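Me: Could you walk me through how the labels on this model are earned? I'd like to see each value set against its cut-off.

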Amino acid sequence: MTDPRAIIASVFREEHGRVLATLVRLLGDIDLAEEAVQDAFLVAVDRWPRDGPPPNPGGWIVTTARRRAIDRLRRDTLRTDRQARAARLEERLVTQPEEDSAVPDDRLRLMFTCCHPALAQPTQVALTLRLLGGLDTPTIARAFLVPEATLAQRLVRAKRKIRDARIPYRVPEAAELPDRLRPVMAVIYLVFNAGWIAEGEQLVDAGLCGEAIRLARLLVDLMPDEPEAKGLLALLLLLQARQPARTTADGTLVLLPDQDRGRWDRALLDEGRALVRACLRRGAPGPYQIQAAINAVHSDAATAGETDWAQILALYDQLLVWQPTPVVALNRAVAVAELHGPPAALDLLDGLDLQAYQPFHVVRAELLARGGRRAEALAAYAAALALTRSEVEREHLTRRRTEVATQATTRAEPAAPGA
């Protein structure tokens, strides 16, 4: 019999964002919605191991969260003088039907709420990842390379500002969309990345990757003439196409150069390439389109040895103009290594301030090993392992470090999907 606690953990990953977004729509209050959803999962932790999971776990969580929200509102009525507000909210929870909308998706609405221009963009992205991406505060802090306490303070201030400014929970009008598109796309991309190398025993969180692609499709439907939205969808599809080949049958990680390209998902590749071509015809490039083009070049090569690294380097040069960040520079260095050798790439890495970023140490270790600098490579692997939270990746890096210790050669690959 399946462990009820494992089912609860799975339902939390898959349903938390949807349930929370639904409660936010009904309540108009993020904090109250979070409390109600948390209550529902606590009830599940108490009851499911004893009574067994319900036939429809996600629906049970939604229903229980609604009831818990009503209970909280009733207690609020008894404690304060806000009876009228509590009564109105309770009525909405009990009677309000699902909205009829051109974009009938609560999660997308909540994204646009969190990405209001009144909030700073890093805060917009972090708040949305926390509420909808199923990511905890430490994970998001690592993604932003900031202390956990700093990020926690930003999240509290952001929710307070949404409440106090009465920022509406809705998809913006057409004229408002451009101001919010960039952070919404950043959230979708980071949700996919969080699933690409997940923490724990599984390399991939299929739920996060699938949800990111679903939201990217909705965004394209909402803004069909926006080339960057199509570029984002193309990027995610091209990356997702490689998932079947990223591990062996026993779960061992397989890097891009060593993957069996016959296992790549051809339908996703074709769809992603078609979107890249459509973007190129528009002639309005942007960072997601360029990243998608980089991954299209990888997918065009029948073998790793046939990869057009000169074209990839040229594309990274363009991307660096749009996004002059250390992570882009790190990935560009991988292309430089393929064309000009590890020493040239290592010179570029020496100027990057990425000591807290695990992929930096992975790439540096690989390049040092290829350059014959074994002792430095082993130290870089140790630094990478200290920052690794994926057990699959940990096993891979441990094995690579052993290979380097016995003078085996290694190869590098980009630090993060399409970064």
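Reply: Happy to; what follows takes the labels one by one, for a model that is predicted.

Me: Thanks! What makes up the protein in terms of helices and strands?

Reply: The protein has 19 helices and zero strands. Of its 419 residues, 52% are buried. The accessible surface is about 19,300 Å², and carbon and sulfur atoms account for 51% of that.

Me: Which residues touch the most other members of the largest nonpolar core?

Reply: Those are I188, L236 and L349, in a core of 126 residues. Helix α9 (residues 177-196) gives the largest share of this core, with twelve residues. Setting aside neighbours within four places in sequence, I188 contacts M111, A212, L215, A216, L219, L232 and L236.

Me: Why is A274 called partly exposed?

Reply: Its relative accessibility is 34%. Buried would need a value under 20% and exposed one over 50%, so A274 counts as partly exposed at 34%. A274 sits in helix α12 (residues 266-282). Its C-alpha lies 8.2 Å from that of A234, although the two are 40 residues apart in sequence.

Me: How do you know that the span of α12 is close to the expected one?

Reply: α12 has 17 residues, and the expected span is 1.5 Å times one less than that number. That gives an expected 24 Å, and α12 reaches 25 Å from its first C-alpha to its last, which is close.

Me: And what makes the buried residues of α12 line one face?

Reply: The buried residues are L268, L269, G272, R273, L275, V276 and C279. Seen down the helix axis, they fall within an arc of 160°, so they line one face of α12. As background, an α-helix has 3.6 residues a turn, so residues three or four places apart point the same way. The buried residues of α12 pack against α11 (227-240) and α13 (287-300), while the face turned away from them carries the exposed residues A267 and R281.

Me: What is found at the start of α12 and just after it?

Reply: At the start, a side-chain oxygen of D265 comes to within 3.1 Å of the backbone nitrogen of A267. Just after α12, G283 has a positive phi of about 65°.

Me: Why is Q259 called buried, given that it lies in a loop?

Reply: The label rests on accessibility: Q259 has 9%, and the cut-off for buried is under 20%, so Q259 counts as buried. Its loop runs between α11 and α12. Leaving out residues up to four places away in sequence, Q259 touches R242, A245, R246, V254 and W264.

Me: Why is R166 called exposed?

Reply: R166 has a relative accessible area of 75%, and exposed means over 50%, so the label fits R166. R166 lies in the loop between α8 (148-164) and α9. Its phi is near 55°, a positive value in a residue other than glycine. For context, most residues other than glycine have a negative phi.

Me: Last one: how do you know that the buried residues of α18 line one face?

Reply: In α18, A377, L378, A380, Y381, A384 and L385 are buried. Down the axis of α18 they fall within an arc of 160°, so they line one face of the helix. These buried residues pack against α17 (358-370) and α19 (391-405). A375 and A386 are exposed on the face of α18 turned away from the buried side.

Note on methods. Residues numbered from 1 in each chain as written. Predicted model: local features only at pLDDT ≥ 70, side-chain atom pairs only at ≥ 80, totals over all residues. Heavy atoms only, no water. Core = buried A, V, L, I, M, F, W, Y, C linked by side-chain atoms within 4.5 Å. Buried < 20%, exposed > 50% of the residue type's maximum accessible area, 1.4 Å probe, protein only. Helix = DSSP H or I, 4+ residues; strand = E, 2+ residues; numbered from the N terminus. Contact = heavy atoms within 4.5 Å. Areas by Shrake-Rupley, 256 points an atom, 1.4 Å probe, with all protein chains shown as cover. Arc of directions from axis to C-beta. Polar contact = N/O pair within 3.5 Å; in protein donor to acceptor, adjacent residues only side chain to side chain.
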